[in-house]
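The following exercises concern ring pairs, charged pairs and backbone geometry. Each task is followed by a solution in steps.

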Amino acid sequence: MNRNFFIDFLKIAMSFAVVGIHVDLMMDINPTIGNLLVNGIFRIAVPVFFLINGYFFYDAIQKKTQRKWIKKLIFLYVFWSLIYSKLWIGIIFHGVEVGAYALSAKYASIFMILGFYHLWYLSGIIGAALITMAYYKKAPEQLIIVLCILLYGFAVYMNYYLVKTDIMDSNQETSLIYKNFLFFAFPFFYLGFYINKHNYHDKITVNMLYIVAIISTATLLIESYSYQNIVSKDEGVDCYLSLLTLSVSLFILTLKTKKKNTNKNTTKYASGIYLFHVYILEKMQIAGITNSIQLMLVVIILSTLSCYILIRITKNRPLII
């Protein structure tokens, strides 16, 4: 399968955006700009990742390799959950905090199912793929699309409600109520699947996509600014209504490019940066780096270097990124 250079580049860019969220980029320098980035533009990253995975899952189904595709993801999820386990599981066995993200036994148990911190993304893909496999032939497509919109609408509502009622402030892990495979991952995953199945990227004009993308970007910035100034200045936001149209239009625009990428490792770097960065971020914070720009640059550089080493080590062997 020929790789699309711009799809791989989009993955890298979205991985950088996730790092930007986790380092609170610009929050320490200009809170208004920081909020528009961290709780605004950067929030497109995970929806785009879900769209991309859903798109290529259709190819896996066509080739009848979907079970292998899901098994690889399960292996990745288990492996990286073990890598990060010292940050969340220590309290179960020792009754003390181990690492910056150690949680109560209750939430450690939840993380074993839904995923620790950024790893919920992997469990989200697995769950979304299983739902798609179960129903894409059995239910009318239009009904599934409506269901996707309703499910994501519930996620948006819950995100707003939890922050507005200060529940998020007292317990950050309540985000798992909406940030999971059903309400967040599946809607975007299935839309990517649907786009590939019906070749929607060949049916929508570039001009229309640019119009939708520009309007959606403006709407997202308005949503983000309004949210932070009316609802809460302190809590992060994962779900905006405009993310639906912005992520889909940006993704389809990227699909319309035809430049091929001969470097099969590009996408591994995107995955590696996403998977490595939290571990490295914790170490850099312990080392005392507080400037968000410096922190982001160091985390990206070290994550990329770690990924390079891992690619070299796992050459011609089962991959873990």
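**Exercise 1.** Classify Phe 5 as buried, partly exposed or exposed.

*Solution.* Buried means under 20% relative accessible area, exposed over 50%, and partly exposed in between (1.4 Å probe, protein chains only). Phe 5 has 28% relative accessibility, so this residue counts as partly exposed. Phe 9 has 51% and therefore counts as exposed. The model is predicted: local features need pLDDT of at least 70, side-chain atom pairs count only at pLDDT 80 or more, and totals for chains, interfaces and linings use all residues. Residues are numbered from 1 along each chain as its sequence is written, and side-chain values use heavy atoms, with hydrogens and water left out.

**Exercise 2.** Determine how many aromatic pairs there are, and classify the pair of Phe 5 and Phe 9.

*Solution.* Rings of Phe, Tyr and Trp (its six-membered ring) pair if their centres lie within 6.5 Å; planes under 30 degrees apart count as stacked, over 60 as edge-to-face and the rest as tilted. By this rule, there are 32 aromatic pairs. In the pair of Phe 5 and Phe 9, the centres are 6.4 Å apart and the planes are at 15°, which is a stacked arrangement. Both residues belong to helix H1 (residues 5-22) and are four residues apart, about one turn of the helix. Helices (H or I, at least four residues) are DSSP runs, numbered from the N terminus.

**Exercise 3.** Classify the pair of Phe 57 and Phe 189.

*Solution.* The ring centres of Phe 57 and Phe 189 are 5.5 Å apart and the planes meet at 50°, so the pair is tilted. Phe 57 lies in helix H3 (residues 45-62) and Phe 189 in helix H10 (residues 181-197); the pair links distant parts of the chain, 132 residues apart. Phe 57 is buried, at 0% relative accessibility, and Phe 189 is buried at 0% as well. Ring pairs join both to a cluster whose members include Tyr 58, Trp 69 and Tyr 136.

**Exercise 4.** Which residues are linked with Asp 238 in a network of salt bridges?

*Solution.* A salt bridge is a side-chain nitrogen of Lys or Arg within 4 Å of a carboxyl oxygen of Asp or Glu. The structure holds three salt bridges. Asp 238 meets Arg 43 at 2.9 Å, N to O. Asp 238 is in the loop between H11 and helix H12 (242-255), and Arg 43 is in the loop between helix H2 (31-38) and H3, so this pair ties together parts that are 195 residues apart in sequence. Asp 238 also forms a salt bridge with Lys 179, the closest N and O atoms being 3.9 Å apart. Lys 179 lies in the loop between helix H9 (167-170) and H10, so its pair with Asp 238 ties together parts that are 59 residues apart in sequence. Arg 43 is buried along with Asp 238, and Lys 179 is buried too. The network thus links Asp 238 with Arg 43 and Lys 179.

**Exercise 5.** Locate Lys 64 and Asn 199, and give the phi of Lys 64 and of Asn 199.

*Solution.* Most residues other than glycine have a negative phi. Lys 64 has a positive phi, near 60°, and sits in the loop between H3 and helix H4 (66-83). Its relative accessible area is 72%, so Lys 64 is exposed. Asn 199 has a positive phi of about 50° and is found in the loop between H10 and helix H11 (206-231). With a relative accessible area of 36%, Asn 199 is partly exposed.

Methods: Helix = DSSP H or I, 4+ residues; strand = E, 2+ residues; numbered from the N terminus.
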